[in-house]
Amino acid sequence: MPELPEVETIRRGLGPLVTGRRILGVEVRDKRLREPIRPEQLRRLRGAEVEGIRRRSKYLLIDTSARLTLLVHLGMTGQLWVADRGRPRRAHEHVVIQLDDGRDLRFADTRRFGLLRVLRSDRIDLDPRIMGLGPEPLDPALDGAALFRATRGRRKPIKNFLLDTRSIAGVGNIYACEALHRSRIHPKRPVGRIGEEAWGRLLGELRGVLNEAIAAGGTTLRDFLNAEGEVGYFAFSLRIYDRERKPCGRCAATVRRIVQAGRSTFYCPRCQR
DNA sequence: CGGTGGACCTGCTGGC
DNA sequence: TGCCAGCAGGTCCACC
């Protein structure tokens, strides 16, 4: 489900709903995630006040006054939202965090690829999951020249590079395909054969599509819902993703699907070189 | 260095 | 109608 724009959409929606709220209790109904939830860890949040929510790559970081941070990853089908206490449970609702305003912060995850962990706030940057992440694409300090320098002599296909969170954080399958299509770059082009100017344009197109998706509230193809349980509308603006055998919106050639790194890549064989 | 394939899970779709 | 292969927005690992 969620790539950078979807996680950012949740962060923005959740912020005003939970910041300043005190955590009254934590209920773990099902701890079977890929890495099992540790209820005794989550219960340490009881009594703490939520101070704010940050995002790093596709992770949400919920900081509390107990100097503990709740680290959340939504995997493929994770959902995190606020609901009035007493609202019926959603399917696969695994965790309920009771807030002091009569509402709950709830976590559901059909496929259980998500992650929920409590970390010491002062040690987050030492967590191996966070430590290994590459630069944020929307960070103004990042530029095409840096990406150009980082990729000299490397032969990794650009699509695989974009999907690797150690190179650039937060880009997933949808936005990697869309950014390459907008940049007219073939998904198999080795990163070492992309010039400095082209890196600048690619980064610009990547930022463009990410920002437009955030403005539209994210992409809902199947499960994505924001912090208030609503869908996002960027699916209507996708130009290449999931359009196999349909015409390319720019040149009318037929969109192709190939597999790279075990994932579907959609591209236009005419305008992406 | 880089690629593939599989693992982890559940649910939906499309073809027969 | 029913079954089943294939696929899904993410990571992580073993192996070539």
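Buried means under 20% relative accessible area, exposed over 50%, and partly exposed in between, with a 1.4 Å probe and protein chains only as cover. This is a predicted model, in which local features need pLDDT of at least 70 and side-chain atom pairs count only at pLDDT 80 or more, while totals for chains, interfaces and linings use all residues. Residues are numbered from 1 along each chain as its sequence is written, chains are lettered from A and ligands numbered from 1 in the order in which they are written, and side-chain values use heavy atoms, without hydrogens and water.

**View 1. Strand β3 is covered on both faces.**
Strands (E, at least two residues) and helices (H or I, at least four) are DSSP runs, numbered from the N terminus. Strand β3 spans residues 59-64, and 6 of its 6 residues are buried. In a regular strand, side chains alternate between the two faces of the sheet. One side of β3 holds Y59, L61 and D63. The other side holds L60, I62 and T64.

**View 2. β2 and β3 form a hairpin.**
Two strands pair if DSSP finds at least two bridges between them. Strand β2 (residues 50-56) runs antiparallel to β3, and 6 bridges join them. R54 has L61 of β3 as its bridge partner. The hairpin has 2 residues between its strands. S57 lies in this loop between β2 and β3. Most residues other than glycine have a negative phi. Phi of S57 is positive, near 55 degrees. S57 counts as buried because its relative accessibility is 1%.

**View 3. β3 and β4 form a hairpin.**
Strand β4 (residues 68-73) is antiparallel to β3, with 5 bridges joining the two. D63 stands opposite T69 in β4. Here 3 residues lie between the strands. One residue in the turn is R67, again with a positive phi, near 60 degrees. Is R67 buried or exposed? R67 counts as exposed, because its relative accessibility is 69%.

**View 4. Protein residues surround DNA strand B.**
A residue is near a strand if one of its heavy atoms lies within 4 Å of it. The residues around DNA strand B include R34, H92, R154, K156 and N160. Sugar and phosphate make up 67% of the atoms of DNA strand B that come within 4 Å of the protein. A polar contact is a pair of N or O atoms within 3.5 Å; within protein, one must be able to donate a hydrogen and the other to accept it, and residues adjacent in sequence count only if both atoms are side-chain atoms. A polar side-chain atom of R34 lies 3.3 Å from a base oxygen of DNA strand B. R154 has a polar side-chain atom 3.0 Å from a phosphate oxygen of the strand. For N160, the distance to a phosphate oxygen is 3.4 Å.

**View 5. Side chains of S183 and N226 reach backbone atoms.**
S183 lies in helix α6 (residues 173-183). S183 counts as buried because its relative accessibility is 16%. A polar atom of its side chain lies 2.7 Å from the backbone oxygen of A179. N226 sits in the loop between α7 and β9. With 13% relative accessibility, N226 counts as buried too. The side chain of N226 reaches the backbone nitrogen of E228 at 2.8 Å.
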